[in-house]
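Trainee: I've got a two-chain model open and I'd like to go through how the chains meet. Can we start with the contacts across the interface?
Mentor: Fine, put it on the screen.

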Number of protein chains: 2
Amino acid sequence: MEFAAGVWETKDVEFARLWKEEAAGQEAETAGMIHSIRDMGEISFVILRSRQGLLQAVREGAGQQGDLSRLKEGQAVRVRGVLKKEPKAPHGMELRLSDARILSEPAAPLPLPVGKWKMGISLEASLDHRPIALRNLRERAVFKIQEGLCRGFREFLTGQGFTEIHTPKIGARSAEGGANLFKLSYFHHPAVLAQSPQFYKQMMVGVFDRVFEVGPVFRAEKHSTRRHLNEYTSMDFEMGFLDSFYDLCQMETAMLQSMFALLEREYGTELSLLDVRLPKITSIPCLRFDEAKRLVSEACHRPIRSPYDLEPEEEGLIGTYAKETWDSDFVFVTHYPSKKRPFYAMEDPENTQATLSFDLLFRGMEVTTGGQRIHDYGMLMEKLEKRGMDTEGMEEYLDCFRYGMPPHGGLGIGLERLTMQLLSAENIRQASLFPRDMTRLKP
Amino acid sequence: MEFAAGVWETKDVEFARLWKEEAAGQEAETAGMIHSIRDMGEISFVILRSRQGLLQAVREGAGQQGDLSRLKEGQAVRVRGVLKKEPKAPHGMELRLSDARILSEPAAPLPLPVGKWKMGISLEASLDHRPIALRNLRERAVFKIQEGLCRGFREFLTGQGFTEIHTPKIGARSAEGGANLFKLSYFHHPAVLAQSPQFYKQMMVGVFDRVFEVGPVFRAEKHSTRRHLNEYTSMDFEMGFLDSFYDLCQMETAMLQSMFALLEREYGTELSLLDVRLPKITSIPCLRFDEAKRLVSEACHRPIRSPYDLEPEEEGLIGTYAKETWDSDFVFVTHYPSKKRPFYAMEDPENTQATLSFDLLFRGMEVTTGGQRIHDYGMLMEKLEKRGMDTEGMEEYLDCFRYGMPPHGGLGIGLERLTMQLLSAENIRQASLFPRDMTRLKP
């Protein structure tokens with residue numbers, strides 16, 4: 001009869017305890033994957049990999065016995081030896097091996113040079129072998145930083161009294177209308193995959209005042225660009241009792257400051273592996289949509305083409321303008337035209353052609369869409385009627401307004417998009433663990 | 001031109017600052033939803049609701065002017081007044097109103113008595129009006145506690161060096177075979193919704209040693225029971241460099257201790273609203289499957305019917321046995337028969353009819369399934385062949401083993417199931433914000 005008492009020692013893959021200065025001269029045991037081996041004849045450098053980084057182990061002499069003589073790349077091993085200061089080794093410490101035990105054997109040599117600083121393979125090749133390619137330290141660092149962004153989002157909002165929710169991804173109808181939805185049969189009923197938690201998070205504002213969700217969203221858009229995915233992780237929040245939509249901009253600004261501070265505090269290794277420069281945010285300028293359009297048109301001597309939305313090229317130009325004018329990596333573009341915003345967007349009472357909404361551009365690319373929502377039942381019904389929209393399937397959403405909702409608004413951030421921009425990655429697929437696009441459904 | 005400096009004051013719905021003893025006698029402003037009104041003639045009690053609870057506001061005198069005379073249930077209001085100690089009011093403080101501003105008007109009176117302690121409506125009625133029903137304090141407390149469980153899961157694992165991952169929910173093939181999958185067309189390719197992140201979390205052990213994910217999973221099972229949902233939130237972890245599968249039991253035990261400690265520390269209000277008794281975990285007994293079967297059969301004088309799995313009734317009896325024998329709300333049932341475990345389950349070398357796996361029962365119901373996995377490529381291929389399974393679509397999963405994986409294992413916890421058992425709820429739908437079952441696809 002066994003009992004699990006919850007006593008747990010993380011002895012194995014804690015390389016960090018071996019790197020401590022006072023560990024030098026001591027005997028130590030640890031475990032890891034063999035990342036690479038450099039055989040120098042009389043001496044071999046056996047580089048072990050764990051979640052914490054690389055540990056240089058040294059096998060001396062030729063006539064080794066047992067498992068120590070059979071080490072090769074791709075094995076999982078448990079090793080023992082004496083720690084010795086070595087300035088050239090990672091973290092200034094190496095392990096002089098006295099014993100090794102092979103825990104697991106690969107059946108074939110690695111197909112990618114994961115032990116190299118840069119693997120020098122195409123994005124396509126990397127994605128085809130994704131779980132292997134990610135064993136490269138720089139490839140995996142991307143997702144450690146992504147974890148930090150996600151943690152920062154949650155921790156900040158939890159501290160601000162937001163409640164985390166989990167809303168269904170299969171539903172009878174979508175939040176924002178019928179286009180670009182993945183459809184499925186749900187026990188012989190027509191169903192769709194959620195393209196956003198919009199309706200749910202709004203409904204939950206009536207319950208918890210402030211809510212957030214981090215979860216997958218699904219867009220059946222037939223695009224093949226460097227900045228779109230068909231499934232991505234959306235970080236959403238929604239909050240009640242707004243004075244104006246600028247409250248949302250303030251909240252997001254404070255949130256980003258907090259997220260980047262967390263990265264700086266706890267993800268230094270990964271930031272330096274990828275040479276990431278964290279943006280310094282003191283304040284973020286808010287530029288009205290019309291003004292932004294005009295500025296870009298004037299600065300680049302090009303006519304305004306699509307008057308209701310920003311083209312990717314324009315986003316880039318506005319980003320450059322914000323950097324040059326205010327030294328800001330971020331810029332809020334506010335008051336988007338009603339025409340391009342969903343029915344629930346609150347119109348500007350001073351100009352109903354515009355909405356009390358915004359996008360946040362980060363280094364010239366949209367990473368957030370947000371805004372104040374209509375909270376008045378009559379106004380919402382009027383808007384639906386004006387747009388000729390069918391309310392079928394929206395009954396419970398509309399009921400929330402019928403029975404009273406506070407003024408509210410919120411936003412959504414694409415986690416992969418944010419990661420991509422922070423890392424100055426060329427393609428969003430680099431920032432998605434297992435990307436889904438029109439042609440990629442595996443691994 | 002505006003700038004968002006990230007300065008943010010949570011002045012409105014912080015009832016907590018008004019409840020402080022030293023606030024008595026001071027003028028204060030706040031905002032909330034009108035939860036209920038008790039009109040006593042000369043005086044009315046206007047109960048405000050925010051995320052932090054209820055605030056008793058008092059309107060004195062009859063001839064009120066302006067918005068103060070028009071208060072009604074379901075409105076969002078901003079109010080001002082003087083705080084006064086009142087032992088009968090929630091938190092011993094009430095707000096004597098001098099002014100009110102109506103921020104939002106309902107279009108109809110609430111269809112449910114959300115202001116009552118117990119609403120006295122059926123589960124079906126509650127689910128049909130879910131976002132309204134959740135405005136009741138006890139209904140919503142369920143999901144605050146659920147948030148706490150989820151936070152506790154993440155915070156513990158983050159502290160243990162686990163990396164959070166986000167894996168795709170649309171895929172070409174499922175982790176555990178072809179049954180019970182929701183199917184969809186993905187740009188004219190056949191695709192399925194993930195019934196678990198199993199393959200992905202295992203693959204990522206080769207990258208980060210320890211990973212976890214909290215996300216939706218989808219099961220097209222045609223069941224209609226009080227303990228199953230067709231979409232639920234799965235909390236999964238997977239860890240490398242195990243000595244034995246008991247390491248997983250230890251890790252889960254420590255995790256549950258940490259999760260309940262967080263609830264005790266930060267969710268006291270909700271626990272007492274729902275009269276929840278937190279289980280005290282010193283250690284959790286581990287009972288072998290065969291032994292558990294035998295015990296139940298003997299204790300209840302009933303023959304062993306299905307020898308390869310536990311029936312719900314048996315789970316209940318084992319739970320009772322664990323409570324009576326060890327005073328434990330939890331019990332690990334270990335060494336499940338190979339027959340009922342997936343191909344990747346590691347068999348017990350001492351008895352290949354059994355696996356190095358377990359379920360965790362909480363008050364007589366399964367809340368976790370876990371175990372050690374096969375990490376050797378040859379052994380995995382042999383098992384697949386023995387089961388006559390097709391490896392198509394598993395190429396990248398199998399490649400991870402071909403190129404070397406550490407010994408590893410992991411587990412999955414159903415968040416709704418765990419919440420249900422903690423709250424001693426009769427039906428899992430009570431513990432799902434917007435449940436999905438065979439007949440329920442909305443709201």
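Mentor: Start with the polar contacts: 52 residue pairs make them across the interface of chain B and chain A, counting pairs with both residues at pLDDT 80 or more. Keep in mind that this is a predicted model.
Trainee: And what is the make-up of the side of chain B that touches chain A, in nonpolar, polar and charged residues?
Mentor: That side of chain B has 69 nonpolar residues, 25 polar ones and 33 charged ones.
Trainee: How many salt bridges are there between chain B and chain A?
Mentor: Eight. One of them pairs Arg154(B) with Glu164(A), and their closest N and O atoms lie 2.6 Å apart.
Trainee: How much area do the two chains bury between them?
Mentor: About 10,600 Å², of which 63% is on carbon and sulfur atoms. In residue terms, 127 residues of chain B contact 127 residues of chain A.
Trainee: Why do we say the copies meet through the same surface?
Mentor: Because 100% of the interface residues of chain B are interface residues in chain A as well.
Trainee: Switching to symmetry. What turn and shift lay chain B on chain A?
Mentor: A turn of 180 degrees with a shift of 0.0 Å along the axis, and the RMSD is 0.0 Å. That relation is a two-fold axis.
Trainee: Which residue of chain B comes closest to the rotation axis?
Mentor: Leu184(B), with its C-alpha at 2.5 Å.
Trainee: Now the strands. Which strand of chain B is joined to β13 of chain A?
Mentor: Strand β1 of chain B, residues 2-4. It runs antiparallel to β13(A), residues 284-288, and three bridges join the two. Within that pairing, Ile284(A) sits opposite Ala4(B).
Trainee: What sheet is that part of, and in which order do the strands come?
Mentor: An open sheet of nine strands with mixed pairing. The order is β7(A)-β11(A)-β12(A)-β19(A)-β18(A)-β17(A)-β14(A)-β13(A)-β1(B).
Trainee: Which strands stand at the edges?
Mentor: β7 of chain A, residues 163-164, and β1 of chain B. Each has a single partner strand, so one side of each has no neighbour in the sheet.
Trainee: And further in, how do β12 and β19 of chain A run, parallel or antiparallel?
Mentor: Antiparallel, with seven bridges joining β12(A), residues 231-240, to β19(A), residues 408-414. Phe237(A) has Leu411(A) in β19(A) as its bridge partner.

How values were computed: Residues are numbered from 1 along each chain as its sequence is written. Chains are lettered from A and ligands numbered from 1 in the order in which they are written. This is a predicted model: local features need pLDDT of at least 70, side-chain atom pairs count only at pLDDT 80 or more; totals for chains, interfaces and linings use all residues. Side-chain values use heavy atoms; hydrogens and water are left out. Copies are superposed by least squares on the C-alpha atoms of residues with pLDDT of at least 70 in both. Contact means heavy atoms within 4.5 Å. Buried area is the accessible area (1.4 Å probe) that two parts lose on being put together, summed over both. A salt bridge is a side-chain nitrogen of Lys or Arg within 4 Å of a carboxyl oxygen of Asp or Glu. A polar contact is a pair of N or O atoms within 3.5 Å; within protein, one must be able to donate a hydrogen and the other to accept it, and residues adjacent in sequence count only if both atoms are side-chain atoms. Ala, Val, Leu, Ile, Met, Phe, Trp, Tyr, Cys and Pro count as nonpolar, Asp, Glu, Lys and Arg as charged, and the others, Gly among them, as polar. Two strands pair if DSSP finds at least two bridges between them. Helices (H or I, at least four residues) and strands (E, at least two) are DSSP runs, numbered from the N terminus.
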